[in-house]
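Here's a quick tour of one model, going from a few picked residues out to the whole chain. Have the viewer open while you read.

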Amino acid sequence: MAKQPHVLCEPGDVTDLALVPGDPGRVDRIAAICDDHELVAENREYRVVNATYDGRELTLCSTGIGCPSAAIAVEELANVGVETFLRVGTTGGLQRGIEIGDMVVATGAAKDEGTTGRYESDTYPAVPDYEVVSALVDAAEANDEAVHVGPIASDDAFYAETDEYVTDWEDAGLLAVEMEAAAIFTLARRKGLRAGAICTVDGNLVEGTQKGETDDEELPEKARDNVERAIRISLDAATTL
């Protein structure tokens, strides 16, 4: 198979499991925790690194922001051999009491985005793989970390999340909103592959806080610190998958 046009990888370049954060900078942050790492390719929003953590060979690849770019990453990585996808991201809380820095393991994602509709009906669920969800929860427990476990929303329009949207999501019992999981879950399911997601809360839309409002950086300090905890959970989960 030819080299993939966006991630610039071909068979043999990647491993069977990939951690897929949105931010290319988070690829470097994950790599720094691993035992060793090597840059494979870099193009647009996609930074691809191979690494080893506790004996487990894995690939790291950023997806950029939103379901369209995340879908490209999943399509192309699957074409060259990735079989399991672990999203390590950030998310906005949708229930009172979910605090900045908390972590959410998703059991499903509402499709408030346009990409998955090009693949299938909205009536089909965007759900992660049970083994991946279990591995993330087990890894959190092994690290004495508390995580919220439940459904989230994936939304295309960061600046169009009105009060009505937030209230509707809250009333539906969705824990948080982010921008990539629905596509990652949907494509993995359709291809017979595995996917899951753990995200660190960077604000709470119900309580009126949003990332970037209290600091000069994108993420509040507590969220920045706890992103590393989520990374370690995902890496520990990867060793069991």
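## Starting inside a strand

Gly 150 sits in strand E7, where strands (E, at least two residues) and helices (H or I, at least four) are DSSP runs numbered from the N terminus. Before going on, the ground rules: this is a predicted model, so local features need pLDDT of at least 70 and side-chain atom pairs count only at pLDDT 80 or more, while totals for chains, interfaces and linings use all residues. Residues are numbered from 1 along each chain as its sequence is written, and side-chain values use heavy atoms, with hydrogens and water left out.

Is Gly 150 buried or exposed? With 4% relative accessibility, Gly 150 counts as buried; the cut-offs are under 20% relative accessible area for buried, over 50% for exposed, and partly exposed in between (1.4 Å probe, protein chains only). Skipping neighbours within four places in sequence, Gly 150 is in contact (heavy atoms within 4.5 Å) with Val 105, Ala 106, Thr 107, Gly 108 and Leu 175. Leu 174 is 24 residues away from Gly 150 in sequence, and their C-alpha atoms are 7.2 Å apart in space.

Asp 155 belongs to E7 too, a strand that covers residues 148-155. Asp 155 is an acidic residue by the charge count used here (Lys and Arg positive, Asp and Glu negative, His and chain ends not counted), and its relative accessible area of 6% makes it buried. Beyond four places in sequence, its contacts are Asp 112, Glu 161, Trp 169, Val 177, Glu 178 and Met 179.

## Aromatic pairs

That contact with Trp 169 leads to the rings. How many aromatic pairs does a search of the whole structure find? There are two, with rings of Phe, Tyr and Trp (its six-membered ring) pairing if their centres lie within 6.5 Å; planes under 30 degrees apart are stacked, over 60 edge-to-face, and the rest tilted.

| Pair | Centre to centre | Angle between planes | Type |
|---|---|---|---|
| Phe 158 and Tyr 159 | 4.9 Å | 75° | edge-to-face |
| Tyr 165 and Trp 169 | 5.5 Å | 45° | tilted |

Phe 158 is partly exposed, at 26% relative accessibility, whereas Tyr 159 is exposed at 78%. As for the tilted pair, Tyr 165 and Trp 169 are four residues apart in helix H4 (residues 163-171), so about one helical turn separates them. Tyr 165 is partly exposed, with a relative accessible area of 41%, while Trp 169 is buried at 3%.

## Two loop residues with positive phi

Arg 44 has a phi near 50°, a positive value in a residue that isn't glycine. You'll find Arg 44 in the loop between strand E2 (36-43) and strand E3 (46-53), and at 71% relative accessible area it is exposed.

Asp 54 is another non-glycine with a positive phi, about 50°. Asp 54 is placed in the loop between E3 and strand E4 (56-61), and its relative accessible area of 60% makes it exposed.

## Near the N terminus

Gln 4 is in the segment before strand E1 (17-19). Buried or exposed, then, for Gln 4? At 7% relative accessibility, Gln 4 is buried. Leaving out neighbours within four places in sequence, Gln 4 touches Cys 9, Glu 76, Asn 79 and Val 80. Its C-alpha is 9.9 Å from that of Ile 72, which is 68 residues away along the chain.

## The whole chain

Zooming out, the protein chain has six helices and nine strands. Its radius of gyration is 16 Å, close to the 18 Å that the globule rule gives for 241 residues, so the chain is as compact as a globular protein of that length; the radius is taken over C-alpha atoms, and the rule is 2.2 Å times the number of residues to the power 0.38. Taken along the principal axes, the C-alpha atoms fill a box of roughly 45 × 40 × 35 Å.

Of the 241 residues, 55% are buried. Among contacts with a separation of 6 or more, 75% come from residues 24 or more positions apart. The chain exposes about 10,400 Å², with carbon and sulfur atoms supplying 44% of that; the areas come from the Shrake-Rupley method with a 1.4 Å probe.

On charges, there are 19 positive and 48 negative side chains, and the centres of the two sets lie 4 Å apart, placing each charge at NZ of Lys, CZ of Arg, CG of Asp or CD of Glu.
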